[in-house]
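Biologist: I would like a close look at a single part of this model. Please take it residue by residue and keep the reasoning visible.

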Amino acid sequence: MKKFLEEFKKFIMKGNALDLAVGVIIGGAFTSIVNSLNVDIITPLLAIFGGVDFSNLTVKLGKGDLAPVLTYGNFITAVLNFLITAFVIFCIIKVINGIGDKLKKKEEEKPTTKKCPYCKSEIAIDATRCPHCTSELSS
């Protein structure tokens, strides 16, 4: 049992588990922001143009007060929340990848070779002696 607890402690202290915990917390906060955006801003704007409030869209299955009700308007709201979330995450990832590509290009632009000042041959940038003419090179 002690070994199991030590393994669990080691797992929890790894960066991946902590990163995952932070991601879940931020994701929960982000979800509430997207829900608010949809319910408080987008749905009323759509209601102005189409006169439709999604939360009121229902279908009663049967007759009487106890008949089940499908609230498909809530489903439409959930789909909108998903699409908004996916679009925002797509935009964030696109920006992050763009920054990464720019940094990668700058890294790739660093020269890997230089010319020997004596024989003008291409040699490795960190070479201290030319492999062609065997001249000693200064840093």
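Leaving aside neighbours within four places in sequence, which residues is Leu137 in contact with?

Modeller: The model is a predicted one, and what follows should be read as such. Not counting residues up to four places away in sequence, Leu137 is in contact with Lys114, Cys116, Pro117, Tyr118, Ile123, Ala127, Thr128, Arg129 and Cys130.

Several of these names return in the nonpolar core. The largest such core has five residues, and Leu137 is one of them, together with Cys116, Ile123, Ala127 and Cys130. Cys130 is buried, because its relative accessible area is 1%, under the 20% cut-off.

The cysteines need a separate check. The sulfur of Cys119 has its closest cysteine sulfur in Cys130, at 3.6 Å, which is too far for a bond, since a disulfide requires the two sulfur atoms to be within 2.5 Å. Taken from the other side, Cys130 is in no disulfide, and the nearest cysteine sulfur to its own is that of Cys119. A search of the whole structure gives the result zero for disulfides. As for exposure, Cys119 has a relative accessibility of 29% and therefore counts as partly exposed, whereas Cys130 is buried.

Arg129, another contact of Leu137, takes part in a salt bridge. Its side chain meets that of Glu136, with an N to O distance of 3.2 Å; the cut-off is 4 Å. The count of salt bridges comes to one. In general, side chains of opposite charge can pair when their charged atoms come close. Arg129 has a relative accessibility of 45%, so Arg129 is classed as partly exposed. Glu136 reaches 58% and is therefore exposed, the threshold being over 50%.

Ser135 belongs in the same account. This residue is found in the segment after β4, the strand at 122–124. With residues up to four places away in sequence set aside, Ser135 touches Tyr118, Thr128, Arg129 and Cys130. Each of those four is also listed among the contacts of Leu137. At 17% relative accessibility, Ser135 counts as buried.

For contrast, consider helix α1, residues 2–13. None of its twelve residues is buried, so α1 lies largely in the open. Its length is consistent with its residue count: at 1.5 Å a residue the helix should span 16 Å, and its end C-alpha atoms are 17 Å apart, which agrees.

How values were computed. Residues numbered from 1 in each chain as written. Predicted model: local features only at pLDDT ≥ 70, side-chain atom pairs only at ≥ 80, totals over all residues. Heavy atoms only, no water. Helix = DSSP H or I, 4+ residues; strand = E, 2+ residues; numbered from the N terminus. Expected span 1.5 Å × (residues − 1). Buried < 20%, exposed > 50% of the residue type's maximum accessible area, 1.4 Å probe, protein only. Core = buried A, V, L, I, M, F, W, Y, C linked by side-chain atoms within 4.5 Å. Contact = heavy atoms within 4.5 Å.
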